[in-house]
Amino acid sequence: MNVSHWPLAGLLVTMAMHAQGAATAAVYTQGGANPAAMACVTCHGAEGEGMAAAGFPRLAGLSAGYMKKQLADFASGERANPIMQPIAAALSSEEADAVTTMLADKPRPAFEPIGRAAAVEGLGETLALRGAWERNVPECVACHGPGGVGVGDSFPPLVGQSAQYLSSQLVAWQQGTRKNDPNDLMGHIARSLTEEEVKAVSTYFANLTEKGAGR
């Protein structure tokens with residue numbers, strides 16, 4: 001074996017890795033090969049931090065598996081959204097894999113992992129940590145983890161998202177425009193909440209960090 005070729009081989013591998021990273025970043029900042037796959041940065045921020053005022057969620061630090069499922073559900077119509085549906089449908093599977101992996105590797109905001117044993121005060125905290133079992137509504141942290149950190153690919157983080165985004169999703173569950181949950185779990189929970197409760201629990205999780213989605 002000619003060892004003189006090893007440095008060249010290493011250089012080629014490094015160049016290929018840089019090229020792949022640049023292509024991944026390009027999907028986020030410039031969009032996919034299909035013009036309908038618009039750049040993610042337009043709505044989700046330079047670092048995937050989201051834009052609270054417009055209700056666009058933080059993507060940085062979310063599970064890649066969760067994000068890939070949401071893209072598939074947007075594309076199929078299981079999760080209805082007039083902005084995301086055409087974008088998701090236009091992304092290739094390779095582009096979806098690349099951009100969700102990149103976003104999953106970004107840091108998530110720091111927070112205090114508050115669990116069910118903590119004392120509660122106020123409507124939002126009560127729903128988050130105790131639920132409303134008289135209506136068969138479990139506490140949010142039972143599925144989404146202490147402080148709403150998220151659990152695996154099925155239960156996304158609530159902490160770090162804006163109140164605007166969280167409340168909009170609860171309303172979507174209520175209205176049936178979002179129905180991509182197993183066994184209608186979130187649909188049941190959302191339909192059991194009042195408008196005041198939706199606002200309270202969304203505000204609670206948004207305020208657990210100093211900086212929610214784009215705040």
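## Surface and overall make-up

How much area does the protein expose, and what share of it do carbon and sulfur atoms supply? The protein exposes about 11,300 Å², and carbon and sulfur atoms supply 61% of that area. Keep in mind that this is a predicted model. Of the 215 residues in the protein, 43% are buried.

On secondary structure, the tally is ten helices and zero strands. Reading from the N terminus, the order is simply α-α-α-α-α-α-α-α-α-α. As for how the chain meets itself, take the contacts between residues at least 6 apart in sequence: 60% of them join residues at least 24 apart.

## How far to trust it

The average pLDDT of the protein is 87, and 86% of the residues score at least 70. Two stretches drop below 50. One of them is residues 9-22, where the pLDDT is below 50 and the model shows zero contacts beyond near neighbours in sequence. The other is residues 211-215, also with pLDDT below 50, but here the model has 24 contacts beyond near neighbours in sequence. Where pLDDT is low, the predicted coordinates should not be read in detail.

Residues 9-22 are worth a second look on the helix list, too: helix H1 is assigned to 6-30, while the pLDDT over 9-22 is below 50.

## The two nonpolar cores

The largest nonpolar core has 22 residues, and Leu170, Tyr204 and Phe205 touch the most other members. Helix H6 (123-129), H8, H9 and H10 each put at least two residues into this core. There's also a second, separate core of 18 residues, with Tyr28, Leu71, Val99 and Leu103 among its members.

Phe205 has plenty of company. Setting aside neighbours within four places in sequence, Phe205 is in contact with Ala128, Cys140, Val141, Gly147, Gly148, Leu158, Val159, Gly160 and Leu166. Tyr204 and Phe205 are both buried.

## One aromatic pair

How many aromatic pairs does the count come to? The count is one aromatic pair, made by Tyr204 and Phe205. A pair of aromatic rings is described by the distance of the centres and the angle of the planes. For Tyr204 and Phe205 those values are 5.1 Å centre to centre and 75° between the planes, an edge-to-face arrangement.

## Cysteines without bonds

Why is Cys40 not bonded to the closest cysteine? The sulfur of Cys40 is 9.0 Å from the closest cysteine sulfur, that of Cys43, and a disulfide needs the two sulfurs within 2.5 Å, so the distance is too far for a bond. Cys140 is in no disulfide either, with the nearest cysteine sulfur, in Cys143, 8.9 Å away. Overall, the structure holds zero disulfides.

Cys40 does count as buried, because its relative accessibility is 17% and the limit for buried is under 20%. Cys140, for its part, is one of the residues that Phe205 contacts.

## Ala39 in its loop

Ala39 sits in the loop between helix H1 (6-30) and helix H2 (41-44). Is Ala39 buried or exposed? At 15% relative accessibility, Ala39 counts as buried.

Not counting residues up to four places away in sequence, Ala39 touches Val27, Tyr28, Thr29, Gln30 and Gly31. Val27 is twelve residues from Ala39 along the chain, yet their C-alpha atoms are separated by 6.4 Å. Another contact, Tyr28, belongs to the second core.

## Positive phi between H8 and H9

Which residues lie in the loop between helix H8 (163-175) and helix H9 (185-191)? Asn183 is one of them, and Asp184 is in that loop as well. Asn183 has phi near 60°, a positive value in a residue other than glycine. Asp184 is likewise a residue other than glycine with a positive phi, near 55°.

The neighbours in sequence don't share an exposure class. Asn183 is exposed, with a relative accessible area of 80%, whereas Asp184 counts as partly exposed at 34% relative accessibility.

## A buried glutamate

Glu197 belongs to helix H10 (residues 195-206). Glu197 counts as buried, with 8% relative accessibility. Apart from neighbours within four places in sequence, Glu197 is in contact with Leu123, Leu127, Arg135 and Ser192.

Technical notes:
Residues are numbered from 1 along each chain as its sequence is written. This is a predicted model: local features need pLDDT of at least 70, side-chain atom pairs count only at pLDDT 80 or more; totals for chains, interfaces and linings use all residues. Side-chain values use heavy atoms; hydrogens and water are left out. Buried means under 20% relative accessible area, exposed over 50%, partly exposed in between (1.4 Å probe, protein chains only). Helices (H or I, at least four residues) and strands (E, at least two) are DSSP runs, numbered from the N terminus. Contact means heavy atoms within 4.5 Å. Accessible areas come from the Shrake-Rupley method with a 1.4 Å probe; for residues, only the protein chains shown count as cover. Rings of Phe, Tyr and Trp (its six-membered ring) pair if their centres lie within 6.5 Å; planes under 30 degrees apart count as stacked, over 60 as edge-to-face and the rest as tilted. pLDDT is the predictor's confidence in each residue, from 0 to 100. A nonpolar core is a set of buried Ala, Val, Leu, Ile, Met, Phe, Trp, Tyr and Cys residues joined through side-chain atoms within 4.5 Å.
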